[in-house]
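Thanks for making time this morning. I would like to walk you through one structure, starting at its surface and working inwards, so please have the view open as I talk.

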Amino acid sequence: MTVLLAALALSSHDAFGAPLTMQEAIAKVQHETGGKVLSAETKTQGTKTIYRIKLLTRGGQVKIVEVPAN
């Protein structure tokens, strides 16, 4: 498995900095990759919340994308 630190992880949710929900993070990953989500979990690193989303790409590879909640 490959961990992707994609541009989507660097983009903010909105102009006000409201945190992403897991459902929003999943939708964003699906939209930006075209992949099928296999699983998703919430991880906490200190005070930061990160959604770890495992997906199957169109090419048949399993990838892991980490999306910060805020």
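On the surface, Leu38, Leu56 and Val62 make a nonpolar patch of about 210 Å². Please keep in mind throughout that this is a predicted model. Of the three residues in the patch, let me pick out leucine 56, which is found in strand E3 and which, at 31% relative accessibility, counts as partly exposed. For the chain as a whole, the exposed area is about 4600 Å², and carbon and sulfur atoms supply 54% of it.

Let me step back to the overall layout. The chain contains two helices and four strands, and if you read along the sequence you will meet them in the pattern β-α-α-β-β-β. Of its 70 residues, 24% count as buried. Among contacts between residues at least 6 apart in sequence, 36% join residues that are at least 24 apart.

Now to the strands, and to how they pair. Strand E2, which covers residues 36–45, runs antiparallel to strand E3, residues 48–56, and the two are paired over nine bridges. They form a hairpin with two residues between them, and in that turn glycine 46 has a positive phi of about 70 degrees. E3 also pairs with E4 in the antiparallel sense, here over seven bridges. The hairpin of E3 and E4 has five residues between the strands, and within it glycine 60 takes a positive phi near 90 degrees.

If you follow arginine 52 across these pairings, you will find that it is the bridge partner of glutamate 41, while in E4 its own bridge partner is glutamate 66. How many salt bridges does the structure hold? There is one, and it is formed by the side chains of glutamate 41 and arginine 52, at 3.1 Å from N to O. Because glutamate 41 lies in strand E2 and arginine 52 in strand E3, this pair ties together parts that are eleven residues apart in sequence. As a general remark, side chains of opposite charge can pair when their charged atoms come close. Both partners here are partly exposed, glutamate 41 with a relative accessible area of 32% and arginine 52 with one of 26%.

Let us turn from the surface to the interior. Which residues make up the largest nonpolar core? It has ten of them, namely Leu20, Ala25, Ile26, Val29, Tyr51, Ile53, Leu55, Val65, Val67 and Ala69. The elements that give two or more residues to this core are helix H2, which spans 22–33, together with E3 and E4. In soluble globular proteins generally, nonpolar side chains tend to be buried together.

Two members of the core deserve a closer look. Tyrosine 51, leaving aside residues up to four places away in sequence, touches a list of residues that includes Leu20, Ala25, Val65, Val67 and Ala69, and among its other contacts are Glu41 and Glu66. Valine 65 is found in strand E4, residues 62–68. Is valine 65 buried or exposed? With a relative accessible area of 1%, it counts as buried, because that value falls under the 20% cut-off. Its C-alpha atom and that of leucine 55, ten residues apart along the chain, are separated by 7.8 Å.

That is where I will stop, and I am happy to take questions.

Conventions
Residues are numbered from 1 along each chain as its sequence is written. This is a predicted model: local features need pLDDT of at least 70, side-chain atom pairs count only at pLDDT 80 or more; totals for chains, interfaces and linings use all residues. Side-chain values use heavy atoms; hydrogens and water are left out. Buried means under 20% relative accessible area, exposed over 50%, partly exposed in between (1.4 Å probe, protein chains only). Two strands pair if DSSP finds at least two bridges between them. Patches are made of residues with over 30% relative accessible area and no salt bridge: like charges are joined within 9 Å, nonpolar side chains (Val, Leu, Ile, Met, Phe, Trp, Tyr) within 5 Å. Accessible areas come from the Shrake-Rupley method with a 1.4 Å probe; for residues, only the protein chains shown count as cover. A salt bridge is a side-chain nitrogen of Lys or Arg within 4 Å of a carboxyl oxygen of Asp or Glu. A nonpolar core is a set of buried Ala, Val, Leu, Ile, Met, Phe, Trp, Tyr and Cys residues joined through side-chain atoms within 4.5 Å. Contact means heavy atoms within 4.5 Å.
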